Amino acid sequence: MRPSQLRNLGITRLLRATEGMGSNGPVPKANLLPVTGPQVKVLIIGAGNINFGSEEGPWNHSQRLERKLGTRLKVIGLVDPAVARAQAVLEAKSLTFAAPAYSSTEIYASVQAAVSGLSSEPPDVIILGSPPAFRGTTDASKGFDTEVQLSSGFPSSALFVEKPVSTGLVEEVRLVADLLETRKGNLVSVGYMLRYSAAVRKMKEIIKENELNVMMTSARYIMAYEASRKLAWWDKRIDGGPIVEQATHFCDLSRYFGGEVDLDSVMAHSLEWYEKPGHLSKIQVNELQIPEDERIPRFTSATWKYESGALGHLEHGVSLQGSDFNTELAVYADGYLLKLVDPYNRPTLYVRRPGSDSEEVHAFHDDDPFLSEMSSFIDMATTGKAEVPILSSYADAVRTYEMTWAIRWASEKTRRLRT
Ligand SMILES: NC(=O)c1ccc[n+]([C@@H]2O[C@H](COP(=O)([O-])OP(=O)(O)OC[C@H]3O[C@@H](n4cnc5c(N)ncnc54)[C@H](O)[C@@H]3O)[C@@H](O)[C@H]2O)c1
(Lines give C-alpha, C1' and ligand atoms only; values in the text may rest on other atoms or scores of the structure.)
Protein backbone atom coordinates (compact mmCIF):
# COMPACT_ATOMS: atom_id res chain seq x y z
CA MET A 1 0.00 0.00 0.00
CA ARG A 2 1.42 3.40 -0.96
CA PRO A 3 1.79 6.26 1.58
CA SER A 4 -0.96 8.22 -0.17
CA GLN A 5 -3.35 5.28 0.25
CA LEU A 6 -2.48 4.99 3.93
CA ARG A 7 -3.03 8.72 4.27
CA ASN A 8 -6.45 8.43 2.69
CA LEU A 9 -7.31 5.74 5.20
CA GLY A 10 -6.42 8.16 7.99
CA ILE A 11 -3.69 5.90 9.35
CA THR A 12 -0.66 7.89 8.35
CA ARG A 13 0.85 7.37 11.77
CA LEU A 14 1.92 4.06 10.25
CA LEU A 15 4.20 6.05 7.98
CA ARG A 16 6.60 6.49 10.88
CA ALA A 17 10.31 5.93 10.63
CA THR A 18 11.14 6.91 7.12
CA GLU A 19 13.99 8.37 9.10
CA GLY A 20 15.74 11.11 7.21
CA MET A 21 13.96 10.19 3.99
CA GLY A 22 12.79 12.90 1.67
CA SER A 23 10.07 12.14 -0.80
CA ASN A 24 12.78 11.87 -3.45
CA GLY A 25 15.20 9.91 -1.27
CA PRO A 26 17.34 10.57 1.79
CA VAL A 27 18.01 14.10 3.04
CA PRO A 28 21.74 14.70 2.37
CA LYS A 29 23.74 13.82 5.46
CA ALA A 30 26.83 15.55 6.68
CA ASN A 31 29.95 13.43 6.31
CA LEU A 32 30.07 11.95 9.80
CA LEU A 33 32.90 9.46 9.38
CA PRO A 34 36.40 10.28 10.62
CA VAL A 35 38.28 11.70 7.67
CA THR A 36 41.75 10.67 6.65
CA GLY A 37 44.53 13.21 6.13
CA PRO A 38 47.05 15.28 8.06
CA GLN A 39 46.73 16.40 11.66
CA VAL A 40 44.28 19.17 12.40
CA LYS A 41 45.52 21.62 15.04
CA VAL A 42 42.74 22.90 17.26
CA LEU A 43 42.62 25.72 19.80
CA ILE A 44 39.71 25.42 22.25
CA ILE A 45 38.53 28.51 24.11
CA GLY A 46 36.55 27.79 27.27
CA ALA A 47 36.89 24.63 29.39
CA GLY A 48 33.19 24.65 30.22
CA ASN A 49 30.07 22.71 29.41
CA ILE A 50 29.71 23.46 25.71
CA ASN A 51 33.22 22.25 24.92
CA PHE A 52 33.57 19.43 27.43
CA GLY A 53 30.02 18.38 28.26
CA SER A 54 27.75 18.43 31.29
CA GLU A 55 24.67 16.69 32.59
CA GLU A 56 22.49 19.53 31.38
CA GLY A 57 22.38 18.42 27.77
CA PRO A 58 23.94 16.62 24.81
CA TRP A 59 26.46 19.33 23.90
CA ASN A 60 30.18 18.53 24.02
CA HIS A 61 32.25 19.90 21.13
CA SER A 62 35.48 18.11 22.10
CA GLN A 63 33.70 14.78 21.82
CA ARG A 64 32.33 15.66 18.36
CA LEU A 65 35.82 16.73 17.27
CA GLU A 66 37.19 13.41 18.45
CA ARG A 67 34.51 11.53 16.53
CA LYS A 68 34.99 13.57 13.40
CA LEU A 69 38.78 13.70 13.29
CA GLY A 70 39.83 10.53 15.13
CA THR A 71 43.62 10.33 15.31
CA ARG A 72 44.00 13.49 13.22
CA LEU A 73 42.87 15.66 16.14
CA LYS A 74 45.65 17.61 17.88
CA VAL A 75 44.41 20.06 20.50
CA ILE A 76 47.34 22.45 20.75
CA GLY A 77 45.83 24.91 23.22
CA LEU A 78 43.04 25.37 25.75
CA VAL A 79 42.18 28.87 26.96
CA ASP A 80 40.44 29.45 30.28
CA PRO A 81 41.13 32.01 33.00
CA ALA A 82 39.96 29.30 35.40
CA VAL A 83 43.19 27.37 34.91
CA ALA A 84 42.24 24.69 37.42
CA ARG A 85 39.12 23.91 35.38
CA ALA A 86 41.23 23.60 32.24
CA GLN A 87 43.63 21.28 34.06
CA ALA A 88 40.74 19.16 35.31
CA VAL A 89 39.20 18.64 31.88
CA LEU A 90 42.59 17.73 30.38
CA GLU A 91 43.19 15.30 33.20
CA ALA A 92 39.83 13.70 32.49
CA LYS A 93 40.73 13.45 28.77
CA SER A 94 44.02 11.73 29.63
CA LEU A 95 41.96 8.79 30.92
CA THR A 96 40.00 8.35 27.69
CA PHE A 97 40.77 6.72 24.35
CA ALA A 98 41.24 10.24 22.93
CA ALA A 99 44.19 10.99 25.27
CA PRO A 100 46.79 11.31 22.43
CA ALA A 101 44.87 14.27 21.00
CA TYR A 102 45.46 16.18 24.25
CA SER A 103 48.96 14.93 25.14
CA SER A 104 50.65 18.25 24.33
CA THR A 105 47.80 20.72 24.95
CA GLU A 106 49.06 23.99 26.44
CA ILE A 107 46.81 25.83 28.87
CA TYR A 108 46.51 29.62 28.43
CA ALA A 109 44.79 31.96 30.86
CA SER A 110 43.71 34.38 28.13
CA VAL A 111 43.17 34.59 24.41
CA GLN A 112 45.98 37.12 24.26
CA ALA A 113 48.37 34.60 25.86
CA ALA A 114 47.29 31.94 23.36
CA VAL A 115 47.81 34.31 20.43
CA SER A 116 51.39 35.01 21.47
CA GLY A 117 52.11 31.43 22.58
CA LEU A 118 50.91 29.90 19.31
CA SER A 119 52.15 32.54 16.87
CA SER A 120 54.65 30.15 15.30
CA GLU A 121 52.18 27.26 15.16
CA PRO A 122 48.74 28.76 14.38
CA PRO A 123 45.72 26.51 14.84
CA ASP A 124 43.81 25.27 11.79
CA VAL A 125 40.60 25.51 13.76
CA ILE A 126 39.46 27.55 16.77
CA ILE A 127 36.42 26.61 18.87
CA LEU A 128 35.20 29.70 20.71
CA GLY A 129 33.01 28.57 23.60
CA SER A 130 33.66 31.17 26.29
CA PRO A 131 30.64 32.92 27.82
CA PRO A 132 29.15 35.48 25.42
CA ALA A 133 29.80 38.35 27.85
CA PHE A 134 33.51 37.99 27.07
CA ARG A 135 33.28 38.28 23.28
CA GLY A 136 31.48 39.89 20.38
CA THR A 137 32.77 43.44 20.83
CA THR A 138 35.60 45.56 19.43
CA ASP A 139 36.33 46.91 22.94
CA ALA A 140 40.01 46.12 23.50
CA SER A 141 40.09 47.90 26.87
CA LYS A 142 38.56 44.94 28.71
CA GLY A 143 39.93 42.27 26.37
CA PHE A 144 36.42 41.36 25.16
CA ASP A 145 37.45 41.91 21.54
CA THR A 146 38.04 38.17 21.30
CA GLU A 147 37.18 37.73 17.60
CA VAL A 148 39.35 40.75 16.67
CA GLN A 149 42.28 39.31 18.62
CA LEU A 150 41.82 35.87 17.07
CA SER A 151 41.40 37.12 13.55
CA SER A 152 44.48 39.39 13.86
CA GLY A 153 46.62 36.71 15.53
CA PHE A 154 45.44 33.82 13.38
CA PRO A 155 44.29 35.39 10.11
CA SER A 156 43.59 32.13 8.33
CA SER A 157 42.28 29.86 11.09
CA ALA A 158 38.68 28.67 10.80
CA LEU A 159 36.57 30.00 13.65
CA PHE A 160 33.61 28.27 15.24
CA VAL A 161 31.70 30.68 17.52
CA GLU A 162 29.06 29.61 20.02
CA LYS A 163 25.68 31.29 20.23
CA PRO A 164 24.71 33.89 21.26
CA VAL A 165 27.41 35.92 19.55
CA SER A 166 27.63 38.28 22.53
CA THR A 167 25.66 39.84 25.34
CA GLY A 168 27.04 43.31 24.50
CA LEU A 169 25.67 46.16 22.44
CA VAL A 170 24.06 45.17 19.17
CA GLU A 171 26.01 47.97 17.40
CA GLU A 172 29.27 46.50 18.65
CA VAL A 173 28.44 43.01 17.41
CA ARG A 174 27.66 44.48 14.00
CA LEU A 175 31.15 45.99 13.94
CA VAL A 176 32.63 42.56 14.65
CA ALA A 177 30.58 41.10 11.79
CA ASP A 178 31.80 43.86 9.45
CA LEU A 179 35.38 43.24 10.44
CA LEU A 180 35.17 39.48 9.88
CA GLU A 181 33.41 40.12 6.59
CA THR A 182 36.04 42.62 5.42
CA ARG A 183 39.03 40.54 6.40
CA LYS A 184 37.51 37.38 4.89
CA GLY A 185 40.52 35.31 6.00
CA ASN A 186 38.67 33.33 8.64
CA LEU A 187 35.99 30.86 7.75
CA VAL A 188 33.31 31.41 10.43
CA SER A 189 30.48 29.19 11.60
CA VAL A 190 28.09 30.00 14.47
CA GLY A 191 26.65 27.32 16.75
CA TYR A 192 22.99 27.28 15.77
CA MET A 193 23.12 23.50 15.50
CA LEU A 194 19.37 22.95 15.08
CA ARG A 195 19.70 24.20 11.50
CA TYR A 196 21.71 21.02 10.83
CA SER A 197 19.19 18.62 12.34
CA ALA A 198 17.74 16.09 9.94
CA ALA A 199 14.20 17.14 10.86
CA VAL A 200 14.85 20.80 10.06
CA ARG A 201 16.52 19.88 6.80
CA LYS A 202 13.52 17.73 5.93
CA MET A 203 11.19 20.69 6.64
CA LYS A 204 13.31 22.87 4.37
CA GLU A 205 13.14 20.21 1.68
CA ILE A 206 9.34 20.01 1.83
CA ILE A 207 9.08 23.79 1.57
CA LYS A 208 11.45 23.88 -1.40
CA GLU A 209 9.95 20.92 -3.25
CA ASN A 210 6.45 22.33 -2.95
CA GLU A 211 7.47 25.96 -3.51
CA LEU A 212 5.69 26.98 -0.32
CA ASN A 213 5.40 30.49 1.05
CA VAL A 214 5.64 30.39 4.82
CA MET A 215 2.58 32.13 6.29
CA MET A 216 3.45 31.87 9.95
CA THR A 217 5.99 30.37 12.34
CA SER A 218 5.06 29.56 15.91
CA ALA A 219 7.76 28.54 18.38
CA ARG A 220 7.36 27.30 21.92
CA TYR A 221 10.31 26.77 24.25
CA ILE A 222 9.47 25.90 27.83
CA MET A 223 12.52 25.09 29.90
CA ALA A 224 12.83 22.84 32.94
CA TYR A 225 14.39 25.24 35.42
CA GLU A 226 15.06 22.86 38.32
CA ALA A 227 18.47 21.80 37.00
CA SER A 228 19.57 25.34 36.21
CA ARG A 229 22.14 26.21 38.86
CA LYS A 230 24.20 28.93 37.18
CA LEU A 231 23.48 32.27 38.86
CA ALA A 232 24.62 34.05 35.67
CA TRP A 233 21.74 32.51 33.75
CA TRP A 234 19.21 34.06 36.14
CA ASP A 235 20.91 37.46 35.96
CA LYS A 236 20.10 39.57 32.91
CA ARG A 237 23.28 41.63 33.43
CA ILE A 238 25.46 38.59 32.76
CA ASP A 239 23.77 36.17 30.35
CA GLY A 240 21.33 38.68 28.86
CA GLY A 241 18.15 36.92 29.98
CA PRO A 242 16.44 33.81 28.62
CA ILE A 243 15.43 35.20 25.24
CA VAL A 244 18.94 36.39 24.37
CA GLU A 245 20.63 33.32 25.86
CA GLN A 246 18.23 30.45 25.29
CA ALA A 247 15.23 31.22 23.10
CA THR A 248 17.84 32.47 20.63
CA HIS A 249 17.88 28.93 19.18
CA PHE A 250 14.17 29.15 18.35
CA CYS A 251 14.38 32.76 17.21
CA ASP A 252 17.10 31.62 14.85
CA LEU A 253 15.02 28.69 13.59
CA SER A 254 12.03 30.99 13.15
CA ARG A 255 14.18 33.28 10.98
CA TYR A 256 15.53 30.25 9.13
CA PHE A 257 11.98 29.49 7.98
CA GLY A 258 10.31 32.90 8.01
CA GLY A 259 13.13 35.06 6.66
CA GLU A 260 14.16 38.48 7.92
CA VAL A 261 12.16 39.98 10.76
CA ASP A 262 10.78 43.51 10.66
CA LEU A 263 12.31 44.49 14.00
CA ASP A 264 10.03 47.53 14.37
CA SER A 265 7.02 45.21 14.36
CA VAL A 266 8.09 43.15 17.39
CA MET A 267 5.58 43.20 20.24
CA ALA A 268 5.95 41.28 23.48
CA HIS A 269 4.64 40.76 26.99
CA SER A 270 6.23 39.07 29.95
CA LEU A 271 5.24 37.49 33.23
CA GLU A 272 7.77 38.86 35.70
CA TRP A 273 9.24 37.33 38.86
CA TYR A 274 7.37 39.83 41.06
CA GLU A 275 3.91 38.97 39.75
CA LYS A 276 2.03 36.30 41.69
CA PRO A 277 1.94 33.68 38.90
CA GLY A 278 5.68 34.25 38.41
CA HIS A 279 6.62 32.61 41.69
CA LEU A 280 8.84 29.52 41.22
CA SER A 281 8.99 26.97 44.01
CA LYS A 282 12.02 24.90 42.95
CA ILE A 283 14.51 27.54 41.92
CA GLN A 284 18.04 26.33 42.83
CA VAL A 285 19.88 29.66 42.95
CA ASN A 286 19.50 32.42 45.51
CA GLU A 287 17.76 35.06 43.42
CA LEU A 288 18.11 37.56 46.26
CA GLN A 289 21.74 37.91 45.17
CA ILE A 290 20.54 39.44 41.89
CA PRO A 291 19.31 43.06 41.82
CA GLU A 292 15.53 43.08 41.36
CA ASP A 293 15.65 44.81 37.97
CA GLU A 294 18.02 42.16 36.64
CA ARG A 295 15.95 39.07 37.49
CA ILE A 296 14.59 37.18 34.53
CA PRO A 297 10.97 36.97 33.33
CA ARG A 298 9.17 33.64 33.80
CA PHE A 299 7.24 33.78 30.54
CA THR A 300 7.66 35.88 27.44
CA SER A 301 5.22 35.92 24.55
CA ALA A 302 6.21 37.77 21.38
CA THR A 303 4.80 38.34 17.92
CA TRP A 304 6.29 40.00 14.86
CA LYS A 305 5.96 40.44 11.12
CA TYR A 306 8.54 39.04 8.76
CA GLU A 307 9.63 41.28 5.90
CA SER A 308 7.72 38.89 3.61
CA GLY A 309 4.51 39.79 5.44
CA ALA A 310 4.31 36.45 7.28
CA LEU A 311 3.72 36.34 11.02
CA GLY A 312 6.00 35.05 13.75
CA HIS A 313 5.20 34.00 17.29
CA LEU A 314 7.37 32.87 20.20
CA GLU A 315 6.45 31.66 23.66
CA HIS A 316 9.31 31.16 26.08
CA GLY A 317 8.76 29.87 29.59
CA VAL A 318 10.76 29.08 32.70
CA SER A 319 8.21 26.89 34.43
CA LEU A 320 8.81 23.16 34.11
CA GLN A 321 10.53 21.08 36.76
CA GLY A 322 12.33 17.79 36.15
CA SER A 323 14.85 17.86 33.34
CA ASP A 324 13.26 17.66 29.87
CA PHE A 325 12.34 20.86 28.08
CA ASN A 326 9.10 21.17 26.12
CA THR A 327 9.93 22.61 22.72
CA GLU A 328 8.07 22.83 19.46
CA LEU A 329 8.19 24.79 16.21
CA ALA A 330 5.27 24.92 13.80
CA VAL A 331 5.57 26.30 10.28
CA TYR A 332 2.36 27.04 8.37
CA ALA A 333 1.91 27.41 4.62
CA ASP A 334 -1.09 27.08 2.29
CA GLY A 335 -2.34 23.52 2.90
CA TYR A 336 0.67 22.57 5.00
CA LEU A 337 1.55 22.33 8.66
CA LEU A 338 5.08 21.24 9.53
CA LYS A 339 5.37 20.70 13.24
CA LEU A 340 8.72 19.85 14.78
CA VAL A 341 8.38 18.46 18.29
CA ASP A 342 11.20 18.03 20.83
CA PRO A 343 14.16 18.75 18.53
CA TYR A 344 16.60 18.35 21.45
CA ASN A 345 15.72 14.86 22.65
CA ARG A 346 13.39 12.91 20.38
CA PRO A 347 12.99 15.00 17.25
CA THR A 348 9.72 14.17 15.56
CA LEU A 349 8.23 15.93 12.58
CA TYR A 350 4.47 15.91 11.98
CA VAL A 351 3.47 16.87 8.46
CA ARG A 352 -0.02 17.68 7.31
CA ARG A 353 -0.41 18.16 3.58
CA PRO A 354 -3.17 19.16 1.19
CA GLY A 355 -5.60 16.37 0.45
CA SER A 356 -5.70 14.89 3.93
CA ASP A 357 -6.58 15.86 7.47
CA SER A 358 -4.19 13.42 9.08
CA GLU A 359 -0.49 13.79 9.75
CA GLU A 360 2.58 11.93 8.58
CA VAL A 361 5.00 11.24 11.39
CA HIS A 362 8.73 11.26 10.79
CA ALA A 363 11.04 10.27 13.63
CA PHE A 364 14.69 11.30 13.66
CA HIS A 365 15.72 9.79 16.95
CA ASP A 366 19.34 8.91 16.10
CA ASP A 367 20.18 12.29 14.71
CA ASP A 368 23.05 14.31 16.25
CA PRO A 369 22.91 17.91 14.98
CA PHE A 370 25.99 18.86 17.04
CA LEU A 371 28.00 16.27 15.12
CA SER A 372 26.55 17.30 11.75
CA GLU A 373 27.32 20.95 12.52
CA MET A 374 30.91 20.16 13.54
CA SER A 375 31.32 17.88 10.53
CA SER A 376 30.37 20.57 8.07
CA PHE A 377 32.65 23.05 9.78
CA ILE A 378 35.65 20.69 9.82
CA ASP A 379 35.08 19.61 6.21
CA MET A 380 34.89 23.23 5.07
CA ALA A 381 37.95 24.18 7.16
CA THR A 382 40.10 21.30 5.97
CA THR A 383 38.95 20.70 2.38
CA GLY A 384 36.99 23.80 1.39
CA LYS A 385 33.86 21.77 0.68
CA ALA A 386 31.18 19.94 2.63
CA GLU A 387 28.14 17.84 1.87
CA VAL A 388 26.06 20.21 3.98
CA PRO A 389 27.45 23.75 3.81
CA ILE A 390 27.88 26.03 6.81
CA LEU A 391 24.36 27.13 7.62
CA SER A 392 24.97 29.96 10.08
CA SER A 393 27.36 32.79 9.27
CA TYR A 394 28.42 35.42 11.78
CA ALA A 395 26.47 38.18 10.01
CA ASP A 396 23.35 36.01 9.97
CA ALA A 397 23.77 35.17 13.66
CA VAL A 398 23.98 38.89 14.40
CA ARG A 399 20.51 39.30 12.89
CA THR A 400 19.21 36.62 15.27
CA TYR A 401 20.94 38.49 18.09
CA GLU A 402 19.20 41.73 17.08
CA MET A 403 15.87 39.93 17.03
CA THR A 404 16.31 38.53 20.55
CA TRP A 405 17.13 41.99 21.89
CA ALA A 406 14.11 43.45 20.09
CA ILE A 407 11.92 40.89 21.92
CA ARG A 408 13.56 41.57 25.28
CA TRP A 409 13.16 45.35 24.88
CA ALA A 410 9.56 45.04 23.72
CA SER A 411 8.64 42.91 26.74
CA GLU A 412 10.42 45.27 29.14
CA LYS A 413 8.54 48.22 27.65
CA THR A 414 5.15 46.62 28.26
CA ARG A 415 5.77 44.87 31.57
CA ARG A 416 3.46 45.69 34.44
CA LEU A 417 5.24 47.68 37.07
CA ARG A 418 5.74 46.27 40.53
CA THR A 419 3.14 47.46 43.00
N1 LIG B 1 24.54 25.31 21.30
C2 LIG B 1 24.09 24.94 22.49
O3 LIG B 1 23.11 24.20 22.61
C4 LIG B 1 24.80 25.41 23.71
C5 LIG B 1 24.75 24.65 24.88
C6 LIG B 1 25.46 25.10 26.01
C7 LIG B 1 26.16 26.29 25.94
N8 LIG B 1 26.17 27.03 24.79
C9 LIG B 1 26.89 28.30 24.71
O10 LIG B 1 28.28 28.10 24.95
C11 LIG B 1 28.84 29.22 25.60
C12 LIG B 1 29.55 28.77 26.88
O13 LIG B 1 28.59 28.16 27.72
P14 LIG B 1 29.01 27.03 28.79
O15 LIG B 1 27.75 26.40 29.20
O16 LIG B 1 30.12 26.19 28.26
O17 LIG B 1 29.55 27.95 29.97
P18 LIG B 1 30.44 27.47 31.19
O19 LIG B 1 30.28 28.52 32.24
O20 LIG B 1 30.17 26.05 31.54
O21 LIG B 1 31.91 27.52 30.63
C22 LIG B 1 32.53 28.67 30.17
C23 LIG B 1 34.02 28.57 30.44
O24 LIG B 1 34.64 29.70 29.84
C25 LIG B 1 35.59 30.21 30.75
N26 LIG B 1 35.88 31.61 30.46
C27 LIG B 1 35.42 32.72 31.06
N28 LIG B 1 35.93 33.82 30.48
C29 LIG B 1 36.72 33.41 29.51
C30 LIG B 1 37.53 34.07 28.58
N31 LIG B 1 37.58 35.39 28.53
N32 LIG B 1 38.21 33.33 27.72
C33 LIG B 1 38.14 31.99 27.76
N34 LIG B 1 37.39 31.30 28.63
C35 LIG B 1 36.69 32.01 29.49
C36 LIG B 1 35.00 29.98 32.12
O37 LIG B 1 35.99 29.99 33.12
C38 LIG B 1 34.35 28.61 31.94
O39 LIG B 1 35.24 27.57 32.25
C40 LIG B 1 27.66 30.18 25.85
O41 LIG B 1 27.62 31.11 24.83
C42 LIG B 1 26.45 29.28 25.79
O43 LIG B 1 25.27 29.95 25.39
C44 LIG B 1 25.53 26.59 23.68
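## A guided tour, beginning at strand 13

Select strand 13, residues 326-333, which is mostly covered, since six of its eight residues are buried; here buried means under 20% relative accessible area, exposed means over 50%, and partly exposed is in between, with a 1.4 Å probe and protein chains only. What you have open is a predicted model, in which local features need pLDDT of at least 70 and side-chain atom pairs count only at pLDDT 80 or more, while totals for chains, interfaces and linings use all residues. Residues are numbered from 1 along each chain as its sequence is written, and side-chain values use heavy atoms, with hydrogens and water left out. Strands (E, at least two residues) and helices (H or I, at least four residues) are DSSP runs, numbered from the N terminus.

**The partners of strand 13**

Keep strand 13 selected and add strand 9, residues 214-224: the two pair in the antiparallel sense over eight bridges, where two strands are said to pair if DSSP finds at least two bridges between them. To see one of these places, pick Met 216, whose bridge partner in strand 13 is Tyr 332. Next add strand 14, residues 336-341, which runs antiparallel to strand 13 and is joined to it by six bridges. Here Leu 329 stands opposite Leu 340 in strand 14. Strands 13 and 14 form a hairpin with two residues between the strands, and in this hairpin Gly 335 takes a positive phi near 85°.

**On to Pro 347 and the next hairpin**

Follow the chain into the loop between strand 14 and strand 15 (348-352), where Pro 347 lies. Is Pro 347 buried or exposed? Pro 347 has a relative accessible area of 5%, which means that it counts as buried. Leaving aside neighbours within four places in sequence, Pro 347 is in contact (heavy atoms within 4.5 Å) with Val 341, Asp 342, His 362, Ala 363, Phe 364 and His 365. If you also select Glu 328, you will find it 19 residues from Pro 347 in sequence and 9.5 Å away in space, C-alpha to C-alpha.

Two of the residues that Pro 347 contacts, His 362 and Ala 363, belong to strand 16, so this strand is the next thing to select, and all five of its residues, 359-363, are buried. Glu 359, Val 361 and Ala 363 point one way from strand 16, whereas Glu 360 and His 362 point the other way. Strand 16 runs antiparallel to strand 15, and five bridges join them; at one position Val 351 stands opposite Glu 360. These two strands form a hairpin with six residues between them, and Gly 355 in the turn has a positive phi of about 95°.

**Two helices**

Move to helix 3, residues 61-69, which is also mostly covered, with seven of its nine residues buried. The buried residues of helix 3 include His 61, Arg 64, Leu 65 and Leu 69. Just after helix 3, Gly 70 takes a positive phi of about 55°.

Then select Asp 396, which has its place in helix 13, residues 394-414. Asp 396 counts as buried because its relative accessibility is 13%. Not counting residues up to four places away in sequence, Asp 396 touches Arg 195, Asp 252, Arg 255 and Glu 260.

**Stops in the loops**

In the loop between strand 7 (158-161) and helix 7 (170-183) you will find Pro 164, which is joined to Lys 163 by a cis peptide bond with omega of about -20°. Past helix 7, in the loop that leads to strand 8 (188-190), select Lys 184, which has a positive phi of about 60° although it is not a glycine. Lys 184 counts as exposed because its relative accessibility is 61%. A further positive phi, near 50°, is found in Glu 211, which lies in the loop between helix 8 (198-209) and strand 9. With a relative accessible area of 69%, Glu 211 is exposed.

**Zooming out**

Finally, show the whole chain, whose secondary structure comes to 13 helices and 16 strands. Buried residues make up 55% of its 419 residues. The C-alpha trace spans about 65 × 60 × 40 Å along its principal axes. Among contacts between residues at least 6 apart in sequence, 76% join residues at least 24 apart.
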